[in-house]
Amino acid sequence: MTLLLAATVTPLEQICREAGRETAMAKDILGEAGLHFDELNKLRVLDPEVTQQTIELKEECKDFVDKIGQFQKIVGGLIELVDQLAKEAENEKMKVRSACVLSKPWPGILVH
């Protein structure tokens with residue numbers, strides 16, 4: 001005598017399966033309309049992949065802005081240094097000119 005055991009599905013399991021299929025169909029329909037659910041089941045307009053790419057791009061932009069800020073500080077320091085050297089060079093030129101003027105006799109002035 002052979003006994004056959006039939007797999008029985010409870011009404012609750014059947015309802016859960018149908019609900020799962022209906023949810024999947026609803027997500028497909030919404031996805032075709034450009035609407036998506038995130039990990040918290042909140043309705044979103046952007047595709048999750050696009051959202052992830054946007055987050056990554058935002059982080060890359062922040063890094064870029066930080067690097068530009070560092071670059072501006074370095075260049076600012078360099079400009080200040082060059083300005084200071086230019087002023088010192090100008091001062092030295094004025095000293096040399098003054099020394100040259102003072103070392104040459106002027107016509108009409110008697111030097112004893």
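The following paragraphs lead through a predicted model of a protein chain, from its overall layout to its pocket, its salt bridges and a patch on its surface.

The protein chain holds two helices and two strands. Read from the N terminus, these elements follow the order α-β-β-α, so the strands stand between the helices in sequence, given that elements are numbered from the N terminus. Of the 112 residues in the protein chain, 2% are buried. The accessible surface of the chain comes to about 10700 Å², and carbon and sulfur atoms account for 64% of that area. Much of what follows concerns helix α2, which spans residues 48-103.

The largest pocket encloses about 200 Å³ of space. Its lining consists of H36, F37, D38, E39, R44, L46, P48, T51, Q52 and I55. Two elements, β1 (36-37) and α2, each contribute at least two residues to this lining. Helix α2 gives the largest share, with four residues. Sorted by class, the lining comprises four nonpolar, three polar and three charged residues. The charged class takes in Asp, Glu, Lys and Arg, and the lining includes D38, E39 and R44. Among the other lining residues are F37, L46, P48 and I55, whose residue types count as nonpolar.

Salt bridges come next. The model contains three of them. In one, the side chains of K62 and D66 meet at 3.1 Å, N to O. Both residues belong to helix α2 and lie four residues apart, about one turn of the helix. K62 has a relative accessibility of 52% and therefore counts as exposed, because the exposed class begins over 50%. D66, at 38%, counts as partly exposed.

A second salt bridge joins the side chains of K93 and E90, with 3.4 Å from N to O. These two residues are separated by about one helical turn because they lie three residues apart in helix α2. How accessible are K93 and E90? K93 is partly exposed, at 42% relative accessibility, and E90 is also partly exposed, with a relative accessible area of 36%.

The remaining salt bridge pairs the side chains of K95 and E92, with 3.5 Å from N to O. K95 and E92 are likewise three residues apart in helix α2, so about one helical turn separates them. With a relative accessibility of 54%, K95 counts as exposed, whereas E92 counts as partly exposed at 44%.

Helix α2 also takes part in a nonpolar feature of the surface. L78, L81, V82 and L85 form a nonpolar patch there, and together these residues present about 370 Å² of accessible area. L81 lies in helix α2. Why can L81 belong to such a patch? Patch residues need over 30% relative accessible area, and L81 has 43%, so L81 passes this cut-off. By the classes of accessibility, L81 counts as partly exposed.

Taken in order along helix α2, the features described here include residues of the pocket lining, the pair K62 and D66, L81 of the nonpolar patch, and the pairs K93 with E90 and K95 with E92.

Note on methods. Residues are numbered from 1 along each chain as its sequence is written. This is a predicted model: local features need pLDDT of at least 70, side-chain atom pairs count only at pLDDT 80 or more; totals for chains, interfaces and linings use all residues. Side-chain values use heavy atoms; hydrogens and water are left out. Patches are made of residues with over 30% relative accessible area and no salt bridge: like charges are joined within 9 Å, nonpolar side chains (Val, Leu, Ile, Met, Phe, Trp, Tyr) within 5 Å. Accessible areas come from the Shrake-Rupley method with a 1.4 Å probe; for residues, only the protein chains shown count as cover. A salt bridge is a side-chain nitrogen of Lys or Arg within 4 Å of a carboxyl oxygen of Asp or Glu. Buried means under 20% relative accessible area, exposed over 50%, partly exposed in between (1.4 Å probe, protein chains only). On a 1 Å grid over the protein atoms alone, a cavity is a set of points where a 1.4 Å probe fits but cannot get out, and a pocket is an open set with protein on both sides within 12 Å along at least five of seven lines; lining residues have an atom within 4 Å of a point. Grid points are joined across faces, edges and corners, and a volume is the space filled by probe spheres set on the points.
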